[in-house]
Amino acid sequence: MRIPLTTQAQDQLKPRIQPGDITVDATLGNGYDTEFLAQQLGEQGWIFGFDVQAKALEQTRNRLKQIQCNLQLFQQCHSTMKTEIPKSFHKNIKAIMFNLGYLPGSDKQLITQTKTTLMALSQAAEIIAINGLISIMAYPGHPDGEQETQAVINWTEKLDSQQFKLITHSQATHFQGPQLMILEKVRSCLR
Ligand code: SAH
C-alpha cells in the first residue's frame, strides 16, 4: 500500500526536527501535524499554530493535552504569521507545515484561499531557517482547490533556485489526487 502523502510529509520532516526547535503549523485542522511536531520537539520546543476556525484550535489543544511544549495558537489567517511570530524567532524556524483545503467533517466554506495562501507561503519562505523545510499539501480535487494548487506550483517555480530547492513533489495516483511539495531553504537571500 502506498504511504499517504500526509505521512510522507511527516516522515521527511522528522529527521530535520530536533528537541527544542521552533516550528509552525499554518493550518491546524484536526491537529495531527501539530501533534506530530510536538512529539519531535519536547518541552523546550515551540509550535506556532494558525487556523481561522475556533474548532480547529480546540481540537488541537485537546490532542496536545498530554504533550509538553510551548504551544501558541492563533485563531487567525496564516498570512499573519510574520507579524505574530516574534522577530527573534524569524530565520530560526526549522519546519513550517501547510495542509490546505477545508477541515474534514466541517464547514467546506472555510477553505484556504489562493491569495492568502500565497501571502502566507511568501512569509514562510522569509522566516524559515537555512536548511529548514516548508511542506505543502494541496488538494486539486475540490472546487477552488485546483486553482490554488496550480498557484502554489507556479509560486514554487518562481522562487530563486539558489535559495530554495523543491526536494519533493509527489502526487497521489488517482485523478486530481492531493499533491505534496516540500521546499528546503538552502541559503539566504544575498540581497
Ligand atoms: N484538506 C485537508 C485538511 C486541511 S485542514 C484534509 O483533507 O485532510 C485546513 C485547515 O485550514 C482548516 O482547518 C481550515 O479552517 C484552515 N484554514 C482555512 N483558511 C485558513 C487561513 N486563511 N489561515 C489559516 N488556516 C486556514
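**Exercise 1.** Determine how the lining of the largest pocket in this predicted model divides by residue class, and which helices contribute to the lining.

*Solution.*
Step 1. Sorted by class, the lining comprises 16 polar, 13 nonpolar and three charged residues.
Step 2. The pocket that these residues enclose has a volume of about 570 Å³. Its lining numbers 32 residues, and Thr-27, Gly-29, Asn-99, Leu-100 and Tyr-102 are the closest to the centre.
Step 3. At least two lining residues come from each of α1 and α2 (32–41). The largest share, three residues, belongs to α1.

**Exercise 2.** Identify the residues closest to the ligand and describe the polar contacts made by Gln-53, His-78 and Tyr-102.

*Solution.*
Step 1. The ligand is surrounded by 19 residues, of which Asp-51, Gln-53, His-78, Asn-99 and Leu-100 are the closest.
Step 2. Gln-53 uses its side chain: one of its polar atoms lies 2.9 Å from an oxygen atom of the ligand.
Step 3. His-78 uses its backbone, with an N or O atom 2.9 Å from a nitrogen atom of the ligand. For Tyr-102, a backbone N or O atom lies 3.4 Å from a nitrogen atom of the ligand.

**Exercise 3.** Locate Asp-21, classify it as buried or exposed, and describe its surroundings.

*Solution.*
Step 1. Asp-21 sits in the loop that runs between α1 (5–13) and β1 (22–25).
Step 2. Residues under 20% relative accessible area are buried; Asp-21 has 9% relative accessibility and therefore counts as buried.
Step 3. A polar atom of the Asp-21 side chain lies 2.7 Å from the backbone nitrogen of Gln-18.
Step 4. Beyond its neighbours within four places in sequence, Asp-21 contacts Arg-16, Leu-41, Gly-45, Trp-46 and Lys-94.

Terms used. Residues are numbered from 1 along each chain as its sequence is written. This is a predicted model: local features need pLDDT of at least 70, side-chain atom pairs count only at pLDDT 80 or more; totals for chains, interfaces and linings use all residues. Side-chain values use heavy atoms; hydrogens and water are left out. Helices (H or I, at least four residues) and strands (E, at least two) are DSSP runs, numbered from the N terminus. Buried means under 20% relative accessible area, exposed over 50%, partly exposed in between (1.4 Å probe, protein chains only). A polar contact is a pair of N or O atoms within 3.5 Å; within protein, one must be able to donate a hydrogen and the other to accept it, and residues adjacent in sequence count only if both atoms are side-chain atoms. Contact means heavy atoms within 4.5 Å. On a 1 Å grid over the protein atoms alone, a cavity is a set of points where a 1.4 Å probe fits but cannot get out, and a pocket is an open set with protein on both sides within 12 Å along at least five of seven lines; lining residues have an atom within 4 Å of a point. Grid points are joined across faces, edges and corners, and a volume is the space filled by probe spheres set on the points. Ala, Val, Leu, Ile, Met, Phe, Trp, Tyr, Cys and Pro count as nonpolar, Asp, Glu, Lys and Arg as charged, and the others, Gly among them, as polar. A residue is near a molecule or strand if one of its heavy atoms lies within 4 Å of it.
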